[in-house]
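Q: I've never looked at this structure before. Could you walk me through how to read it, one feature at a time?

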Amino acid sequence: MKTINLITSGKIIKKVYDFSDITRSKPYKPLTKAKKRISGRSKGKITVRHRGGGAKKRYRQIDFYYLDKINIPARIESIEYDPNRSALIALVLYRDGERRYIIAPHGVKINDQIITQENAPLAPGNRLQLKNIPSGYFVYNIEIMPKSGAKLVRSAGNFAQVLGQEGKYTIIQLPSKEVRKIPSNCYASLGQISNIDHNKIILGKAGKKRHLGIRPTVRGAAMNAVDHPHGGGEGKTPIGLKFPKTPWGKHAKFVKTRRSKTYDKLIIKRRYQK
């Protein structure tokens, strides 16, 4: 991390990533594509608030599947910044000559070797089946079902921990502290995701947030009554409701957000307890 010296009042407490781990400034163009900015809209209607504007950026095509690269060794060519995600990415060159982007694990360096294999060596960046990972090891890029691609634990600094084996399932503790079973023949990558100081970043000014494509957020209590259930009243008044509400009158706390119940039976401990 790098702390910016006092220049203006907006930069008094600014802390930014120092890019010391980055080894290549421009992306590998064949693995990028144009990214259309939808600004939180679906069919022209706002479905996600507080998004819009921001710097123009190209999408880096990340490999989350690895299916056709099993048993093929790869060498890390570069560590790069990705404006579309919090983690750093690595450009790897496989022995068959193909290049791909992957999520970079913490601690890997240029010319390090990685491999995807059913029972690969226990080294950071290697990808293997959960049944072959001993208890206590950190993992990321975890599949939920075999050959479905990495779905869990993909953001900066995150890791899950293998707690043990139970029949055809592996017990995993996720970053949210939820404990669940995952089929043992699913693949996961060893180690912790790069950019572990991401949560220490202090943007320092509102303009930086606009560069990221995030528009201002206003408290409901600061609005008029016509705009929000919390709005209205003289001066600073309580919301006057039994429960906090969304702008559309729905409950804003303790609402279940998981729509699929397919995997609920595999959850041993919920991520929070009421």
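Q: Let's start with strands β7 and β8: in which sense do they pair, and over how many bridges?

A: The general idea goes like this: strands of a sheet pair through backbone hydrogen bonds, either parallel or antiparallel. In this predicted model, β7 (residues 74-80) and β8 (residues 89-94) take the antiparallel option, with six bridges between them. To find one of those pairings, look for A74, whose bridge partner in β8 is Y94.

Q: Which sheet do they belong to, and which strands are at its edges?

A: Follow the order β9-β8-β7-β10: these four strands make an open sheet with antiparallel pairing. At the edges sit β9 (99-103) and β10 (113-114), each of which pairs on one side only. As you look along a strand, remember that in a regular strand the side chains alternate between the two faces of the sheet.

Q: Okay, now β18. Which strands does it pair with?

A: Try β11 (residues 127-129) to begin with: three bridges join it to β18 (residues 187-190), and the two run antiparallel. There, L128 stands opposite A188. Then look at β12 (residues 138-140), which pairs with β18 over two bridges, again in the antiparallel sense. On that side, V139 stands opposite L190.

Q: How do I look for empty space inside, and how many cavities are there of 30 Å³ or more?

A: Rolling a probe the size of a water molecule over the atoms shows where empty space is left. Here the count is two cavities of 30 Å³ or more, and the largest has a volume of about 60 Å³. Residues from places we've visited help line this largest cavity, including A74, Y94 and R127. Y66, I72 and S189 are also among its lining residues.

Q: What about H228: is it buried or exposed?

A: Residues with a relative accessible area under 20% are called buried. H228 has 8%, so it's buried. You'll find H228 in the loop between α1 (206-211) and β19 (267-269).

Q: What does the side chain of H228 reach, and which residues is H228 in contact with further along the sequence?

A: Its side chain reaches the backbone nitrogen of H230 at 3.0 Å. Leaving aside neighbours within four places in sequence, H228 is in contact with G220, M223, K245, T246 and P247.

Q: Last one: where is confidence lowest, and where is it highest?

A: The chain's mean pLDDT is 92, with 97% of residues reaching 70 or more. Confidence is lowest in β1 (residues 2-3), at a mean of 74, and highest in β12, at 98.

Definitions and conventions. Residues are numbered from 1 along each chain as its sequence is written. This is a predicted model: local features need pLDDT of at least 70, side-chain atom pairs count only at pLDDT 80 or more; totals for chains, interfaces and linings use all residues. Side-chain values use heavy atoms; hydrogens and water are left out. Two strands pair if DSSP finds at least two bridges between them. pLDDT is the predictor's confidence in each residue, from 0 to 100. Buried means under 20% relative accessible area, exposed over 50%, partly exposed in between (1.4 Å probe, protein chains only). A polar contact is a pair of N or O atoms within 3.5 Å; within protein, one must be able to donate a hydrogen and the other to accept it, and residues adjacent in sequence count only if both atoms are side-chain atoms. Contact means heavy atoms within 4.5 Å. On a 1 Å grid over the protein atoms alone, a cavity is a set of points where a 1.4 Å probe fits but cannot get out, and a pocket is an open set with protein on both sides within 12 Å along at least five of seven lines; lining residues have an atom within 4 Å of a point. Grid points are joined across faces, edges and corners, and a volume is the space filled by probe spheres set on the points.
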